[in-house]
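Here is a short report on side-chain contacts and pockets. Please have the sequence and the model open as you read.

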Amino acid sequence: MKRKFWNWVRDSDTGERTLVLNGQIAEDSWFGDEVTPAIFRDELMKGEGNITVWINSPGGDVFAAAQIYNMLMDYKGNVTVRIDGLAASAASVIAMAGTTVEMSPVGMLMIHNPSTAVIGNTKEMQAAIQMLDEVKESILNAYELKTGQPRQQLSDLMDAESWMNAKKAVELGFADKILFANEDEEKQSEGVEAMLFSQRAVTNSLIDKIKAQSLKFVKAAVPDNRVSADALRSRLNLLIH
């Protein structure tokens, strides 16, 4: 590992430790590396007591995130996760390990389906698809355990590549509270709309608008040659007489 993506800080007054996860998770591959996970575990277990984990990460290696999630879940003390900027993709999985998850009022959380790059024949492509399906199921386990939301709903959110602000993350159970907000402020913000941005919803909305505009264009381009029934009857009467 050329560059660690984590850093430990100890409060000199309280002795409480803080883990900072900043940037891409395992920029240099963690998969198949026996050294780096061992270093992380040693540093985690080197101390005792409660820890705080600050996350500002676009995600990265899902296998690294899975191991970090497991290590934090297995830790004996309480783990407070604080999302100060972004917890996206694999980083959102790590966030689910928090005994308590707190989000900055300007923070964002994003979940989506896992992806990979594959070169090979048909069997290798099919194997990659099966692997991604299983990886998704493993990620769903973490989301379901934390949020308590129906598995299908969580799967749909992943399919749509969903971005959520702090209020929406709390509403759906991905976070427990909003940082810096006291009880009075939380009550005042009850009327504030929780925002969920879905890539699929945006695409579908755009397609619907295009269809609507196309239909208007077709209606405008095709002349309306319809004649009322009364007018036809009047013409018929003229022919008869």
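Does Glu43 count as buried or exposed? Glu43 has a relative accessibility of 17%, and the cut-off for buried is under 20%, so Glu43 counts as buried. Keep in mind that this is a predicted model.

**Salt bridges**

The side chain of Glu43 forms a salt bridge with that of Lys4, at 3.0 Å from N to O. Glu43 belongs to helix H1, while Lys4 sits in the segment before S1, so this pair ties together parts 39 residues apart in sequence. Lys4 has a relative accessibility of 40%, so Lys4 counts as partly exposed.

The count of salt bridges comes to seven. Three of them are set out here, with their N to O distances.

| Salt bridge | N to O distance |
|---|---|
| Glu43 and Lys4 | 3.0 Å |
| Arg151 and Glu137 | 2.9 Å |
| Glu144 and Arg151 | 2.7 Å |

Arg151 meets Glu137 in one bridge. Arg151 lies in helix H5 (residues 151–159) and Glu137 in helix H4, so their pair ties together parts 14 residues apart in sequence. Arg151 also meets Glu144. Glu137, Glu144 and Arg151 are thus linked in a network of salt bridges.

How exposed are the members of this network? Arg151 is partly exposed, with a relative accessible area of 24%. Glu137 is partly exposed at 35%. Glu144 is partly exposed at 32%.

**Aromatic pairs**

Next come the rings. The whole structure holds three aromatic pairs. One of them joins Trp6 and Phe40. Their centres are 5.1 Å apart, the planes make an angle of 80 degrees, and the pair is edge-to-face. Trp6 is in strand S1 (residues 6–10) and Phe40 in helix H1 (residues 35–45). The pair therefore links distant parts of the chain, 34 residues apart. Both Trp6 and Phe40 are buried.

Tyr143 and Phe174 form another pair. Their ring centres lie 5.6 Å apart with planes at 70 degrees; edge-to-face needs over 60 degrees, so the pair is edge-to-face. Tyr143 lies in helix H4 (residues 122–147). Phe174 lies in the loop between helix H6 (166–172) and strand S8 (177–178). The pair ties together parts that are 31 residues apart in sequence. Which side of the burial cut-off do these two rings fall on? Tyr143 has 1% relative accessibility and counts as buried. Phe174 is buried too, with a relative accessible area of 0%.

Ring pairs also link Phe5, Trp6 and Phe40 into a cluster.

A charged group meets a ring as well. Arg17 lies over the face of Trp8, at 4.6 Å from the ring centre.

**The largest pocket**

What volume does the largest pocket have? The value is about 340 Å³. The lining has 18 residues. Closest to the pocket centre are Gly60, Asp61, Val62, Pro114 and Ser115.

Helix H2 (62–74), helix H3 (90–95) and H4 are the elements that give two or more residues to the lining. H4 gives the most, with five residues. By type, the lining residues of this pocket divide into eleven nonpolar, six polar and one charged.

**Recurring elements**

Helix H4 appears in several places above. H4 holds Tyr143 of an aromatic pair. H4 also holds Glu137, which bridges to Arg151 in helix H5. Helix H1 recurs too, with Phe40 and Glu43.

Notes. Residues numbered from 1 in each chain as written. Heavy atoms only, no water. Phe/Tyr/Trp six-rings, centres within 6.5 Å; stacked < 30°, edge-to-face > 60°. Helix = DSSP H or I, 4+ residues; strand = E, 2+ residues; numbered from the N terminus. Buried < 20%, exposed > 50% of the residue type's maximum accessible area, 1.4 Å probe, protein only. Lys NZ or Arg CZ within 6 Å of the ring centre and 35° of its normal. Salt bridge = Lys/Arg side-chain N within 4 Å of Asp/Glu carboxyl O. 1 Å grid on protein atoms, 1.4 Å probe; cavity = no way out; pocket = protein on both sides within 12 Å on 5 of 7 lines; lining within 4 Å. Points joined across faces, edges and corners; volume = space filled by probe spheres on them. Nonpolar A, V, L, I, M, F, W, Y, C, P; charged D, E, K, R; others polar.
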